[in-house]
Amino acid sequence: MDRNQFVAALESALQIDKGILTPETVLDSLESWDSLGVLEFQALADEELNVQVEPTEIGVCRTVEDLWKLMQAGEKS
Amino acid sequence: MTTGRRAALTHVASYLPAGKITNDSLVENYPGWTSEKIEAKTGIRVRNRVADDEFTSDLAIQAAERLFEQSGFDREQVDFLFLVTVTPDQILPFTASTVQNGLKLPTSVGATDLSLACSGYPYALAMAASMIESGRVRNVLLCTADRFTAYADEAEMGSKTLFGDAGTATLVQCVEPGASGAGTIGLCRFGTDGSGAQHLIVPTSGIKGFVGHTTTSASKPTFEMNGPEVFDFTIRTVSRFIADFLAEAELEVDAVDYFVFHQANLFMLEHLRRRMKIPKERFVIHLAEVGNTSSSTIPLALADLSARNSFQPGQTAVLVGFGTGYSWSATRVDFT
C-alpha cells in the first residue's frame, strides 16, 4: 500500500467522498474522525499492513500524513 | 485428583427483561447519530432493559426458573451455584445468596459470585468442570446476570449503544462418557492483564465510590471505555490467545463448528473473524435483538442455538470471553 492508496482507503473507512482527503488534511476538521473513526483507522492498519498502532500515538497525530507515518513505523505482528 | 468423571453442560436457558431500548430511542438526544449508523457499526437493533425494581438477582432467578422448567431438573439436586456478575445487587452480601434463597435451593448448596464480566462464562465453566471432575460435586448451576444499563445509562453515547440487560442459567453436570445431548467441557485456558484495568472500568462502583464522600455527593457509577485501547487489546492479545488455544487443542479452524465469542459489537467481532480467517457460517453473531449483555453474551448465543436444535453429536464449539480486567478465557465444548 502506498500513500495514495492509504489516503483512498482512509476516505472509504471514514465514509468521506473520494478525492476530499489529502495528506495535509487536519484530522480534527473531519466530522467522522471520532472514536469510531479511530477504530476504523486501527482496523485499516491491521488489515492492510498487519500493523498494530499504539492508541496513544494515534491521539497525537494531527494530519492524515501523520497517520500514514505512524502506520509505516508500526509494529508488525 | 482425577476421577475419570466428565463434566458437561446439559441445559442452557435465558431471561430477557421486557423493557426495550431501540436505536431510534437512543438517537433522540444525539443529533450526530442515526439508527442506521448504530446498527451498521454495532450490529444491534434493540437491547433489553430491566424494570426499575428488577435487579441482577431477579435476572438470574428468572433464567434459572426457566432452566428448571425446560429441563425438568430437580433443584434439590444442585450442589453448587455460581453467579457471574459485575452488577451485584449490593456488595455485601454476595448476590448468589439472594439467588439461592429466591430459587429455594437447598441450604446445603455452595454459592458464590464470580466478579467477571465478558470473560466470565468460560471461566465459570472451567471452575464448574474442575469441581465435578475432582469428585467434589455432581451438579453445578451456573448463572450469569448483569443489569449493565445501570452503568451504561450515564455513559457516553458510544457505550450506550452497546449494552443491554439479561440473565442466563446453565446446568453443568457429571455425565457418563458419550451421554447424549451433552456438551463435554474440554480444554480451558485463561489470561489476565491488570495493566489494562483503566480502559474498561466503572471507577466508583466499589469502595472507591464512597470512601471520602458523603452519601449525597457520591457519584453514580458510570461505565468508562477507551475504545481504541480495547480494540488494540483485542487485536494483539485476544487473537493470539485464540490462535494458541486452537493449536493446543489441535483444532484447525475448519474442525470447529461454532466459534462463540463474547458478543462485544459487530465491528470488533467481524475484525476478529477476518483476522482469524474464520468462515462466516462457523462464526456465531447474536447481537441484533439483545446487544452486549456482558457476562451473558456467550450463554445467550448458546441458548439460541440450542433452541434451534443446532448442536449435533460430534460437533465442537470454542467459546471465547474477553473484556474488563483485562481478562480473557476460552473453553472447548464437544457435543455428544
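1. In this predicted model, Tyr326(B) lies in the loop that links strand E12 (316-323) to E13 of chain B. The peptide bond leading into this residue, from Gly325(B) to Tyr326(B), is cis, and its omega is near -10°.

2. A second cis peptide bond of chain B joins Leu92(B) to Pro93(B), with omega near 0°. Pro93(B) belongs to the loop between strand E4 (80-84) and helix H4 (95-103) of chain B.

3. The strand that follows the loop of Tyr326(B) is E13 of chain B, which spans residues 327-335 and pairs with E8(B) in the antiparallel sense through eight bridges. Within this pairing, Ile185(B) has Val333(B) in E13(B) as its bridge partner.

4. E8 of chain B, residues 183-192, is also joined to strand E1 of chain B, residues 6-15; the two run antiparallel and are connected by two bridges. Here Ala8(B) faces Thr184(B) of E8(B). As a general point, side chains in a regular strand alternate between the two faces of the sheet.

5. An unreviewed UniProt entry annotates residues 246-332 of chain B as "domain: Beta-ketoacyl-[acyl-carrier-protein] synthase III C-terminal". Over that range the chain is 29% helix and 21% strand. The C-alpha atoms at its two ends are 9 Å apart.

6. Chain A and chain B are in contact through 17 residues of chain A and 15 residues of chain B. Together they bury about 1400 Å², of which 55% is on carbon and sulfur atoms.

7. Which charged and polar links cross this interface? Five salt bridges are found between chain A and chain B. One of them joins the side chains of Glu40(A) and Lys41(B), at 2.2 Å from N to O. Six residue pairs are in polar contact between chain A and chain B, with both residues at pLDDT 80 or more.

8. On the side of chain A that touches chain B, helix H2 (35-49) and helix H3 (55-59) of chain A each provide at least two residues. H2(A) gives the largest share of that side, eight residues. By class, the side of chain A that touches chain B comprises six nonpolar, five polar and six charged residues.

9. One backbone angle in chain A deserves a remark. Gln15(A) has a phi near 55°, a positive value in a residue other than glycine. Gln15(A) is located in the loop between helix H1 (3-13) and H2 of chain A, and H2(A) is the helix that supplies eight residues to the side touching chain B.

Notes: Residues numbered from 1 in each chain as written. Chains lettered and ligands numbered in written order. Predicted model: local features only at pLDDT ≥ 70, side-chain atom pairs only at ≥ 80, totals over all residues. Heavy atoms only, no water. Pairing = 2+ DSSP bridges. Helix = DSSP H or I, 4+ residues; strand = E, 2+ residues; numbered from the N terminus. UniProt positions renumbered as here; feature names shortened; annotations may be inferred. Contact = heavy atoms within 4.5 Å. Buried area = accessible area lost by both parts, 1.4 Å probe. Salt bridge = Lys/Arg side-chain N within 4 Å of Asp/Glu carboxyl O. Polar contact = N/O pair within 3.5 Å; in protein donor to acceptor, adjacent residues only side chain to side chain. Nonpolar A, V, L, I, M, F, W, Y, C, P; charged D, E, K, R; others polar.
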